Amino acid sequence: MSLLNRLALALLVSCFSFHLISVPSLAYSDEFHQCLTEMIPSELVYGQSSSNFTDVLASSIKNPKFFTNTTVRPVCIVTPTNSWHVQAAVFCGRWHGVRLRVRSGGHDYEGLSYRSCQPEVFGVVDLSNLRSISVNQGDSTAWVDSGATIGELYYHIAKNNSQVAFPAGECPSIGVGGHFSGGGIGMLMRKYGLSVDKIVDAKVVTANGELLDRASMGEDLFWAIRGGGGGNFGIVLSWKIQLVRVPPQVAVFSIPKTLEEGAIELLTKWQYIGPSLPNDLTIRAKVQGQQAVFLAVYLGTCSSLVPMMDRLFPELNMTSADCRSMTWLESVALSYGSLAKTGTLEEVLLARGSSLSYYTKIKSDYVQRPIASCSWKNIFAWFKKDGAGYIMLEPHGGFMRTVSAAATPYPHRKGVLYVIQYITFWQGDGGKAPTSWLASFYDFMGSYVSQNPRQAYVNFRDLDIGQNTVGSENDVSSFESGQVWGERYFMGNYRRLAAVKAAVDPNDYFRNEQSIPPLRQTLE
């Protein structure tokens with residue numbers, strides 16, 4: 001962007017904050033594209049007629065069911081390389097009545113960062129060019145751009161110091177922006193909490209086009225962006241995070257158990273043990289077919305883990321032969337399940353791109369009371385059925401129980417034993433059995449999980465639990481329609497999130513089918 005254009009944008013933004021341009025209609029015009037190319041280098045703007053449009057759109061799509069001839073696609077994609085480009089995109093969108101959706105890694109399980117469920121004219125700001133990571137060894141902090149992946153983050157903070165880490169997810173290709181915006185659960189959360197528990201600053205472009213940091217945005221907006229879901233309050237460009245310490249070597253194990261080997265009894269016991277283990281030890285469980293696999297990361301040595309397991313979970317019969325010692329960075333790649341396949345950390349942690357081989361559907365639940373052994377027998381029967389997928393069980397407890405439900409938008413803290421992620425997948429036209437299996441199994445599990453509301457994790461987005469309706473008169477998402485799904489993701493925090501939305505984006509510029517609606521004054 002030229003200096004003249006930057007000065008013009010600065011003037012427009014300063015006026016913009018006082019004169020909010022309404023969005024009475026979303027009729028796309030050539031003026032929108034022209035505005036973008038006047039403010040942003042044309043090689044960073046891809047209209048639908050651009051030869052590279054389809055490739056750019058598909059570049060980080062992870063689910064082919066959202067990449068079809070009937071998918072409602074953006075009218076253009078902006079790939080900014082600096083904050084001015086993002087501000088310009090917001091300004092052009094507001095001025096010409098075109099809403100923007102924001103994509104960082106493309107892992108949104110419902111694809112709402114790059115597609116719409118209903119006919120709509122919208123643009124996408126793809127942050128993949130904004131992926132800088134700057135580490136300050138002096139105070140153990142780092143600034144990470146939203147377009148970076150968590151694999152890139154892990155690699156850059158730990159490649160030269162094996163004792164530095166950060167609590168986030170297991171899949172390395174997840175975009176930082178979306179992951180942090182939803183909370184960020186992972187293998188270190190029992191020790192250090194969620195990703196959002198270690199965020200100390202951020203830079204966000206609001207619906208007014210202003211670029212704000214924590215000091216200028218205020219604590220309400222800073223609270224909301226740390227777990228309130230992506231694409232709601234603005235475009236978060238970068239995050240300042242507090243890094244954490246891990247030992248030079250950690251211990252890991254993966255122990256499968258069939259039904260004949262006591263999988264049901266072990267899962268029953270795990271529900272009591274997993275959330276109450278020492279904070280340095282996390283044991284996940286994966287149920288697939290007629291077996292359960294127990295996957296652990298311990299911030300210590302095998303020599304201390306083996307006697308600990310013998311004391312706390314002797315039924316698993318874990319021995320030194322099951323234990324592997326490695327750096328924390330290696331454990332991240334291993335927990336994703338790819339290190340053995342590729343052989344190098346770089347190939348696992350730095351891989352980006354699309355994945356259009358498998359269709360997927362995801363759902364989630366939180367468990368607050370242990371499921372009885374006899375009920376696990378019934379649960380395992382579901383994994384014999386046609387189309388069966390698998391479930392991942394991730395324990396909470398530890399640090400998580402020390403944080404209040406209102407401290408961040410992520411409310412699933414004290415009292416939660418573990419979160420369930422239901423995963424089903426298929427290829428080609430074979431989706432009928434897997435999706436039917438998932439819907440029926442999810443209904444079956446209703447009596448065993450949290451209720452009133454039945455809680456869900458916003459980063460495991462699921463449109464089946466509800467979608468917004470937009471008022472015909474004011475063109476704003478309904479607070480009441482948002483409650484249907486919003487209180488399941490955020491519980492009592494939903495209302496505060498809606499109040500923040502009303503303060504920073506009252507015209508509902510940043511919205512999708514499950515975005516936070518603004519809380520109108522008439523409801524108070």
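When I say that two residues are in contact, I mean that heavy atoms of the two lie within 4.5 Å, and I will use the word in that sense throughout. Please also keep in mind that what we are looking at is a predicted model.

Let me start with R101. Leaving aside its neighbours within four places in sequence, R101 is in contact with L112, S113, R115, S116, E120, F122, G123, V124, V125, R511, N512 and E513. Where does R101 sit? It is placed in strand β3, which covers residues 99–103. Is R101 buried or exposed? Its relative accessibility is 5%, and because buried means under 20%, R101 counts as buried.

Two of the residues in that contact list deserve a closer look, since polar atoms are involved. The side chain of R101 and the side chain of E120 are joined by a polar contact of 3.2 Å, while another polar atom pairing takes the side chain of R101 to the backbone of L112, whose oxygen lies 3.1 Å away.

Now to the cysteines. How many disulfides are there? The count comes to two, and I will take them in turn.

In one of them, C35 is bonded to C92, with the sulfur atoms 2.0 Å apart. C35 belongs to helix α2, residues 30–39, and C92 to helix α4, residues 83–96, so this pair ties together parts that are 57 residues apart in sequence. The angle about the S-S bond is -80°, which makes the link of C35 and C92 left-handed, and both of these cysteines are buried.

In the other, C302 is joined to C323, with 2.1 Å from sulfur to sulfur. Here C302 lies in helix α11, residues 302–312, whereas C323 is in the loop between α11 and β15, the latter being residues 324–326, so the parts tied together are 21 residues apart in sequence. The link of C302 and C323 is left-handed, with -85° about the S-S bond, and C302 and C323 are both buried.

If we number the bonded cysteines of the protein chain in sequence order, the pairing reads 1-2, 3-4.

That leaves a question about C76: why is there no bond to the closest cysteine sulfur? That sulfur belongs to C92, and because it is 9.3 Å from the sulfur of C76, the separation is too far for a bond; a disulfide would need the two sulfur atoms within 2.5 Å. C76 is buried, with a relative accessible area of 1%, and C171, at 16% relative accessibility, counts as buried as well.

Technical notes:
Residues are numbered from 1 along each chain as its sequence is written. This is a predicted model: local features need pLDDT of at least 70, side-chain atom pairs count only at pLDDT 80 or more; totals for chains, interfaces and linings use all residues. Side-chain values use heavy atoms; hydrogens and water are left out. Helices (H or I, at least four residues) and strands (E, at least two) are DSSP runs, numbered from the N terminus. Buried means under 20% relative accessible area, exposed over 50%, partly exposed in between (1.4 Å probe, protein chains only). A polar contact is a pair of N or O atoms within 3.5 Å; within protein, one must be able to donate a hydrogen and the other to accept it, and residues adjacent in sequence count only if both atoms are side-chain atoms.
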